[in-house]
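User: I would like to learn how to read a structure like this one, feature by feature. Could you give me the general idea each time and then the case at hand?

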Amino acid sequence: MVLYCALVWAVFLALHLALNGRWWPWLAVSLLPPVTFAAVPLVLLAAAAVTGGGWAAALALGCLLAGWSQNGVNLRALNRRSETAAGLRLVSWNTQHWNQGGDPDRFYGFLRALAADVYVLQEYLNGFEGGEVWDIDDEERLRAAFPGHHLAVGNNSVTLSRFPPAAPPVPVGACSLRVDLRIGDGVLSTYNVHIPVQLTVMNPLRPAFLRDMRRRAAARDREYAALVADLRGNPHPVLVTGDFNTSAAIGDIRRMPGSLRDAIGACRSVLPASWNARARLRLWRIDWAFTGGGARVGTYRFRDAEGLSDHLVQELTVTTPHL
């Protein structure tokens with residue numbers, strides 16, 4: 001029985017590695033919690049050890065190694081001995097429809113308490129599940145709440161910075177915003193990213209479910225393509241962060257250029273997760289941060305959003321060649 005289960009998992013893993021990020025219907029399958037790709041083979045290994053199944057153990061170990069990149073486990077956290085807190089302080093956060101229906105004083109008080117040099121905020125909009133959203137205009141309150149910060153708004157995103165812009169903000173695709181900041185004698189390009197979610201919660205047996213998922217997969221393809229194209233043509237140090245709606249188990253994250261460095265190496269959590277912030281058990285990291293071109297992350301952690309969003313807050317310290 002253990003060998004049979006290991007064979008079934010091996011077939012599933014082979015299909016996942018072959019189809020993930022390449023065939024749009026697999027998006028629904030890849031929503032599994034990433035830790036599943038470590039937990040299942042470890043359980044199979046334990047069962048094989050109890051039953052003495054050598055072939056089952058070998059197959060389970062092979063599955064563990066083959067699927068390691070999918071599980072989201074951050075072993076580098078075990079070797080973190082010191083932190084470098086120097087550099088600019090940045091927070092990146094999906095606000096979940098910008099305090100829709102909440103207390104604005106509490107919302108803005110929380111943002112100010114983060115005390116960041118740069119804020120990269122997503123979902124500057126109001127809306128509901130099902131697709132329709134409404135643009136909002138909270139610029140007057142933003143400027144009043146953050147004197148001394150420069151404000152850039154676009155593609156339903158907000159970037160607030162103590163550093164002046166080096167150029168006008170650049171929309172990237174339909175959902176992300178690039179803001180180049182003048183830091184010392186150089187420029188840091190910040191990318192405020194929000195990749196569309198994979199599916200709408202509805203009856204999966206309805207034809208509308210597959211049509212909606214295919215439409216969303218195409219939108220995700222366009223957003224990733226636009227982001228990668230802009231990054232490859234950018235000569236400046238870069239910080240790319242936001243809500244990617246992509247876990248380690250979703251092949252889309254492989255589209256990010258290999259020249260970028262995942263900030264998770266600076267995180268002290270072995271099982272980092274950013275969603276669902278309101279749940280006791282958080283199993284998905286779908287908010288990411290990458291650096292490149294000489295920019296580096298010193299510290300990186302996820303902070304509680306105090307019930308204001310279903311996403312945790314990403315907090316980073318970042319250095320550039322000119323800082």
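User: Is Ala279 buried, partly exposed or exposed, and how is that decided?

Analyst: In this predicted model, the reading rests on relative accessible area, where buried means under 20% and exposed means over 50%, with partly exposed in between. Ala279 has a relative accessibility of 26%, and therefore counts as partly exposed. Ala279 lies in the loop between E11 and E12, and its C-alpha atom is separated by 30 Å from that of Ala218, although the two residues are 61 residues apart along the chain.

User: How do the two strands on either side of that loop, E11 and E12, run relative to each other?

Analyst: Strands of a sheet pair through backbone hydrogen bonds, and the pairing is either parallel or antiparallel. Here E11 and strand E12, which covers residues 287-292, run antiparallel and are joined by two bridges. To find the register on the model, look for Asp262, which stands opposite Phe290 in E12.

User: In what order do the strands of that open sheet lie, and what is the pairing?

Analyst: The order is E7-E8-E9-E10-E12-E11, an open sheet of six strands with mixed pairing. Strand E7 (170-172) and strand E11 (261-262) stand at the edges, and because each has a single partner strand, one side of each is left without a neighbour in the sheet. An example of the parallel sense is given by strand E9 (residues 186-194) and E10, which pair over six bridges, with Thr190 standing opposite Leu239 in E10.

User: How many residues of strand E10 are buried?

Analyst: Strand E10 spans residues 238-243 and is mostly covered, since six of its six residues are buried.

User: Which strands stand at the edges of the other open sheet, the one with the order E5-E6-E2-E1-E14-E13?

Analyst: That open sheet also has six strands and mixed pairing. Its edges are strand E5 (150-154) and strand E13 (296-303), each with a single partner strand, so that one side of each is left without a neighbour in the sheet. From one strand to the next, the twist averages 15°.

User: How are E5 and E6 connected, and in which sense do they run?

Analyst: E5 and E6 form a hairpin with two residues between them, and Asn155 in the turn has a positive phi of about 50°. The two strands run antiparallel and are joined by five bridges, with Gly154 standing opposite Ser157 in E6. On its other pairing, E6 meets strand E2 (residues 118-122) in the antiparallel sense over five bridges, where Val118 stands opposite Ser161 in E6.

User: Is Ser157 buried or exposed, and which residues does it touch?

Analyst: Ser157 belongs to strand E6, which covers residues 157-161, and Ser157 is buried, with a relative accessible area of 0%. Leaving aside residues up to four places away in sequence, Ser157 touches Leu121, Tyr124, Ala152, Cys175, Leu177 and Asn192.

User: Turning to the surface, which residues form a nonpolar patch?

Analyst: The nonpolar patch on the surface is formed by Trp68, Leu75, Leu78, Val270 and Leu271, which together have about 460 Å² of accessible area. Among them, Trp68 sits in the loop between helix H4 (54-66) and strand E1 (88-94), and with a relative accessibility of 32%, Trp68 counts as partly exposed.

Notes:
Residues are numbered from 1 along each chain as its sequence is written. This is a predicted model: local features need pLDDT of at least 70, side-chain atom pairs count only at pLDDT 80 or more; totals for chains, interfaces and linings use all residues. Side-chain values use heavy atoms; hydrogens and water are left out. Helices (H or I, at least four residues) and strands (E, at least two) are DSSP runs, numbered from the N terminus. Buried means under 20% relative accessible area, exposed over 50%, partly exposed in between (1.4 Å probe, protein chains only). Contact means heavy atoms within 4.5 Å. Two strands pair if DSSP finds at least two bridges between them. Axes are lines fitted to C-alpha atoms, for helices over the stretch in contact, and angles run from 0 to 180 degrees between N-to-C directions. Patches are made of residues with over 30% relative accessible area and no salt bridge: like charges are joined within 9 Å, nonpolar side chains (Val, Leu, Ile, Met, Phe, Trp, Tyr) within 5 Å. Accessible areas come from the Shrake-Rupley method with a 1.4 Å probe; for residues, only the protein chains shown count as cover. A salt bridge is a side-chain nitrogen of Lys or Arg within 4 Å of a carboxyl oxygen of Asp or Glu.
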